[in-house]
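Here are a few exercises to work through with the sequence and the model open side by side. Try each task before you read its solution.

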Amino acid sequence: MAGHKFNKKKEASHLISHLSDKKSSLSKNTDNLTFSFEDFCSKQKYSSSFLDWQNCGLLSKAMEIFHGYSKSPITYDNTGKFTLYNDFPKSNETLFEFPSHVTPDASWVRIHVNGPAVIIGHIVSTTFYVV
């Protein structure tokens with residue numbers, strides 16, 4: 001057997017392929033991003049309300065970010081500014097619970113605002129649903 005190389009190609013799992021296809025189809029959309037507050041909920045223990053954001057001076061910054069993202073097609077930079085996660089984080093990775101009013105197959109996205117402040121939501125086509 002010396003001199004023979006084994007060519008073992010590992011097939012990608014169905015789940016990994018599905019998530020890659022999902023991310024690829026989201027990133028191919030050339031329409032501008034829109035925002036919806038339909039799924040917004042500030043009732044979880046660590047959630048913030050609009051008033052909380054206003055009181056700490058972040059509400060206007062968030063609106064500026066929404067305005068900026070709504071002027072161009074979706075691009076995931078994965079540098080921490082606009083990151084697609086696909087799945088909701090595991091319970092040992094977040095203080096939040098999966099919102100019961102959101103579809104289980106949602107593609108989760110994070111938009112960095114300032115310091116530790118982020119806006120979390122899910123995306124369907126070109127609409128970012130702030131949660």
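**Exercise 1: a loop threonine**

Thr75 is exposed, at a relative accessible area of 55%. Task: where along the chain does Thr75 lie, and how far is its C-alpha atom from that of Thr30?

Step 1. Recall the cut-offs: buried is under 20% relative accessible area, exposed is over 50%, and partly exposed is in between, using a 1.4 Å probe and protein chains only.
Step 2. Find the loop between α3 and β2; Thr75 sits there.
Step 3. Take the C-alpha atoms of Thr75 and Thr30: they are 9.3 Å apart, with the two positions 45 residues apart along the chain.

A word on the ground rules: this is a predicted model, where local features need pLDDT of at least 70 and side-chain atom pairs count only at pLDDT 80 or more, while totals for chains, interfaces and linings use all residues. Residues are numbered from 1 along each chain as its sequence is written, and side-chain values use heavy atoms, leaving out hydrogens and water.

**Exercise 2: the sheet**

Task: work out in which order the five strands form the sheet, and which strands stand at the edges.

Step 1. List the elements from the N terminus: α-β-α-α-β-β-β-β. Here helices (H or I, at least four residues) and strands (E, at least two) are DSSP runs, numbered from the N terminus.
Step 2. Pair the strands, asking for at least two DSSP bridges between partners. The result is an open, mixed sheet in the order β1-β5-β4-β3-β2.
Step 3. Look at the ends: β1 (34-36) and β2 (82-86) each have a single partner strand, so one side of each is left without a neighbour in the sheet.
Step 4. Zoom in on β4 (residues 117-124) and β5 (residues 127-130): they run antiparallel, joined by four bridges. In one of these strands, β5, Thr127 is the bridge partner of Val124.
Step 5. Add the helix: α3 (residues 59-69) lies across β1, β2, β3 (107-114), β4 and β5, at about 125° to β3. Angles run from 0 to 180 degrees between N-to-C directions of axes fitted to C-alpha atoms, for helices over the stretch in contact, and contact means heavy atoms within 4.5 Å.

**Exercise 3: the cysteines**

Task: how many disulfides does the structure hold, and are Cys41 and Cys56 exposed or partly exposed?

Step 1. Look for cysteine sulfur atoms within 2.5 Å of each other, the cut-off for a disulfide. The count is zero.
Step 2. Check accessibility: Cys41 is partly exposed at 25%, while Cys56 is exposed at 52%.
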